[in-house]
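Grab your viewer and work through these exercises with the model open. Each one sets a task and then walks through a solution.

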Amino acid sequence: MRNTKTLNTCKVAFHFWMAVGLLILASTLAFPRGPKSETIEASAMGTGTQLGQVIGVTLDIYDFSTPEDKQILLQAFEKGQNQGLVNALSKMKAVGHCSITGTLGYDVSYVRMTTTPTGRKIVFVTNRQISFGEAFTDSQSQNFNLTAGEFELNDTDRNKSTGFVYPAAQLVIDKQGQLQFDLAQNLWKLVDVLDWKGTPGVN
């Protein structure tokens, strides 16, 4: 009798743990973990009229833009200059998110990575959120409706990683026919750059 009772207890325990295992497996299949985002954090130091100010900047990268995305933006700029670029960016899905101290942050439409002798260069461009004050006063600054930035990541010496953020910019063609950013505000220099890499081969 005692052996039968012990056997029944073992069966109950076996079925219990089998049920727990199936629940864990089902939850894993139902909610698969996606690729881990790459996160780059830095301190942005003001220059010019913003000299002495320091803010935090965080760029979360979900995915990198493709060469086809770059071509779309180049064609959009050729057709409509800066406003054409802005329109094209607004139609692209978010590939990242940029957070700046004191703001809610904004989605990033374009992020490109290129390799360098010491690591990687990451450039991002997105539409800038026009403030209520700018819109209300019809400020000329509304023409500078892009926010862009770049990170120079040094894998051999992380203390040498640096970069810049252009808070309010527009894309123009200079006298030499080269594309460059025209700025409404001084750029912010990025220091203390930390790179938390995401899923290899994805971001």
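Helices (H or I, at least four residues) and strands (E, at least two) are DSSP runs, numbered from the N terminus. This is a predicted model, with residues numbered from 1 along each chain as its sequence is written. Local features need pLDDT of at least 70, side-chain atom pairs count only at pLDDT 80 or more, totals for chains, interfaces and linings use all residues, and side-chain values use heavy atoms, with hydrogens and water left out.

**Exercise 1. Place Thr115 and decide whether this residue is buried or exposed.**

Step 1: Find the element. Thr115 sits in strand E5.

Step 2: Apply the cut-offs. Buried means under 20% relative accessible area, exposed over 50%, and partly exposed in between (1.4 Å probe, protein chains only). Thr115 has a relative accessible area of 68%, so it is exposed.

Step 3: Check a distant partner. Thr115 and Leu153 are 38 residues apart in sequence, and their C-alpha atoms are 9.4 Å apart.

**Exercise 2. Sketch the overall layout of the protein.**

Step 1: Count elements. You should get three helices and 10 strands.

Step 2: Put them in order. Along the sequence the pattern reads α-β-β-α-β-β-β-β-α-β-β-β-β.

Step 3: Add the totals. The protein has 203 residues, and 33% of them count as buried. Contact means heavy atoms within 4.5 Å; of the contacts with a separation of 6 or more, 56% are between residues 24 or more positions apart.

**Exercise 3. Trace the strand pairing.**

Step 1: Set the rule. Two strands pair if DSSP finds at least two bridges between them.

Step 2: Start with E1 and E2, which are antiparallel and share eight bridges. Ala44 has Ile55 in E2 as its bridge partner.

Step 3: Move on to E2 and E3, another antiparallel pair, with five bridges. Here Asp60 is opposite His97 in E3.

Step 4: Finish with E6 (residues 119-127) and E7, antiparallel with nine bridges. Arg120 is partnered by Leu153 in E7. As for cover, eight of the nine residues of E7 (146-154) are buried.

**Exercise 4. Find the nonpolar cores and see what surrounds Leu59 and Ala42.**

Step 1: Know what counts. A nonpolar core is a set of buried Ala, Val, Leu, Ile, Met, Phe, Trp, Tyr and Cys residues joined through side-chain atoms within 4.5 Å.

Step 2: Take the largest core, with 21 residues; Leu59, Cys98, Val111, Ile122, Phe151 and Leu190 have the most contacts inside it. Strands giving two or more residues to this core include E1 (38-46), E2 (54-61) and E10 (188-196).

Step 3: Look for the second, separate core. It has 15 residues, among them Ala76, Leu85, Leu146 and Ala148.

Step 4: Inspect Leu59. Setting aside neighbours within four places in sequence, its contacts include His97, Cys98, Ile122, Phe124 and Phe151.

Step 5: Inspect Ala42 in strand E1. Ala42 counts as buried because its relative accessibility is 7%. With neighbours within four places left aside, its contacts include Ile55, Val57, Phe151 and Leu190.

**Exercise 5. Where does H2 bend?**

Step 1: Compare spans. The expected span of a helix is 1.5 Å times one less than its number of residues. For 25 residues a straight helix would span 36 Å, yet H2 (residues 67-91) spans only 16 Å between its end C-alpha atoms.

Step 2: Locate the bend. H2 bends by about 135° at Gly80, where the bend is the angle between axes fitted to the seven residues ending there and the seven starting there.

Step 3: List the covered residues. Among those buried in H2 are Leu73, Ala76, Phe77, Leu85 and Leu89.

**Exercise 6. Work out what two loop serines touch.**

Step 1: Take Ser109, in the loop between E4 and E5 (110-116). Its relative accessibility is 10%, so Ser109 counts as buried.

Step 2: Check its polar contact (a pair of N or O atoms within 3.5 Å; within protein, one must be able to donate a hydrogen and the other to accept it, and residues adjacent in sequence count only if both atoms are side-chain atoms). A polar atom of the Ser109 side chain lies 3.2 Å from the backbone oxygen of Leu89.

Step 3: Repeat for Ser161, in the loop between E7 and E8 (162-173). Ser161 counts as buried at 8% relative accessibility, and its side chain reaches the backbone nitrogen of Asn154 at 2.8 Å.
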